[in-house]
Amino acid sequence: MRILGIESSCDETAAAVVENGATVLSSVVASQMSTHGKYGGVVPELASREHLRAIVPVVREALESSATTLDDLSAVAATVGPGLVGSLLVGLTYAKSLCFARGLPLIAVNHIEGHIHAVILEAKRAATPVEFPSLALVVSGGHTHLFEVRQGFAYRLLGKTRDDAAGEAFDKVAKLLGYPYPGGPVIDRLAPYGSPEAVRFTFAKMKGNALDFSFSGLKTAVLRWVEARDMEPEIAARRALLRQNPTWEQWLAATPQATLDLLASFQRAVITELLTRAAASAEQIEARSLIVSGGVACNSGLRAAAQAAALPYPVYFPSPGLSTDNAAMIAAAAFPKFERGEFAGLDVKAEAGLRLA
Ligand code: KG4
Ligand code: ZN
């Protein structure tokens, strides 16, 4: 049973063919990084245009490289939200047209549920299925959410960010310091060269839900740290480097020790914030596993810290290719829906602010 997944919620146009909810036969991702990089963030109008350009060849490649024809498909799954509405529309409309033309069922997938299924899929494939209830930390450029995941994929929101997403904090700090977009990967590479104890960041105590996150204070603390020093020449030098498409070694050479210390301390603060609340939520629901997914799950410091914490339940991270946006996770999330006969009408709408729970 093969499902074609299509993902276009942000700045990646992706298509994948997944068999029986466990085997990724193909996963094609066309990244728009080079388009948005020079703006230091995703420009929605450009994203829609790039999706339009990429959708046909990306879907074709996903089918061809998995030796799948449209006749071999049992369904087409597409992301319906959350995300940029103009971007979502491209993938969703293309999926609808395929379904209409070939008489295939359409499955509407929530992008956040997709991130969770990136882990479910790999665990199933490795014959170490995730045990429920599970605590899922979905941490990306757009989301920082804690969900309880119960048997049969029922979700309950336990906490979320009140301001910036963790990935957004990486991206904003990187931009402020003259590094490229997205900021997470470059900070991840540079942080091991700095001391995580050098700069002390304290988190303001928050009223209300103790499982909510906040990253805007941290971002402001970095800004204050930068303003208190004469960093303009250093930052200007990196901004000049941006145009040359440098390697991370060149970024390292362009980063003085004090800035490496700042990056290491910032990353440590984000990791501590994420893992503390994830562990507290897992304890609260008596979780039998912890799932960490989304672009920030690529972070090697976060992976190492999660291992070092020796938590009393298994911790699952997706392989890096399935951590950031992809369509295999969308096709994977569609399988339980296919089994339940949960199909969408061709009038289903893209929803920028769609919630999972
Ligand atoms: O899941 P994703 O591809 O797109 C969204 O749904 O947002 O996540 C992208 C985010 C960006 O903010 C990027 O900076 C962050 O994930 N990211 C990382 C790393 N790789 C990507 N953050 C920290 N460390 C990384 N290695
Ligand atoms: Zn995502």
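Let's start with Pro133, which sits in the loop between helix H4 and strand E6 (134-139). In this predicted model, a cis peptide bond joins Phe132 and Pro133, with omega at about 0°. Another cis bond links Gly81 and Pro82, and there omega is about -10°. Pro82 also belongs to a loop, the one between strand E4 (73-81) and helix H3 (85-102). Why point these out? Most peptide bonds are trans, and most residues other than glycine have a negative phi.

That brings us to two residues whose phi is positive. Phe153 isn't a glycine, yet its phi is near 60°; you'll find Phe153 in the loop between strand E7 (144-150) and strand E8 (154-160). Glu286 has a positive phi too, near 55°, and its place is in the loop between helix H10 and strand E9 (289-293).

Now for the pockets. Here are two of them side by side:

| Pocket | Volume | Nonpolar lining residues | Polar lining residues | Charged lining residues |
|---|---|---|---|---|
| Largest | about 1000 Å³ | 14 | 17 | eight |
| Second largest | about 450 Å³ | ten | four | three |

Which elements build the walls of the largest pocket? Strand E3 (23-31), helix H4 (111-125), helix H5 (166-176) and helix H6 (183-190) each give two or more residues to the lining. H5 has the largest share, six residues. The lining has 39 residues in total, and those closest to the centre of the pocket are Ser140, Gly141, Gly142, Asp171 and Tyr181.

The second largest pocket is lined by 17 residues, and nearest its centre lie Gly37, Pro180, Tyr181, Leu242 and Asn245. Helix H1 (33-36), H6 and helix H9 (248-253) each hand over two or more lining residues, with H6 giving the most, three. Did you spot Tyr181? It is listed among the residues closest to the centre of the largest pocket and also among those nearest the centre of the second largest one.

H6 has a helix partner as well. How do H6 and H10 cross? The axes of H6 and H10 (residues 257-284) come within 9 Å and cross at roughly 110°. An angle of 65 to 115 degrees counts as roughly perpendicular, so that is how H6 and H10 lie to each other. Their crossing is left-handed. On the H6 side, Ile187, Asp188 and Leu190 make the contact, meeting Leu260, Leu263, Phe266 and Gln267 of H10. Sorted by class, the residues of this contact are five nonpolar, one polar and one charged.

Technical notes:
Residues numbered from 1 in each chain as written. Chains lettered and ligands numbered in written order. Predicted model: local features only at pLDDT ≥ 70, side-chain atom pairs only at ≥ 80, totals over all residues. Heavy atoms only, no water. 1 Å grid on protein atoms, 1.4 Å probe; cavity = no way out; pocket = protein on both sides within 12 Å on 5 of 7 lines; lining within 4 Å. Points joined across faces, edges and corners; volume = space filled by probe spheres on them. Helix = DSSP H or I, 4+ residues; strand = E, 2+ residues; numbered from the N terminus. Nonpolar A, V, L, I, M, F, W, Y, C, P; charged D, E, K, R; others polar. Axes fitted to C-alpha atoms, helices over the stretch in contact; angles between N-to-C directions. Parallel < 35°, antiparallel > 145°, perpendicular 65-115°, else oblique. Left-handed = near helix turned anticlockwise from the far one by under 90°. Contact = heavy atoms within 4.5 Å.
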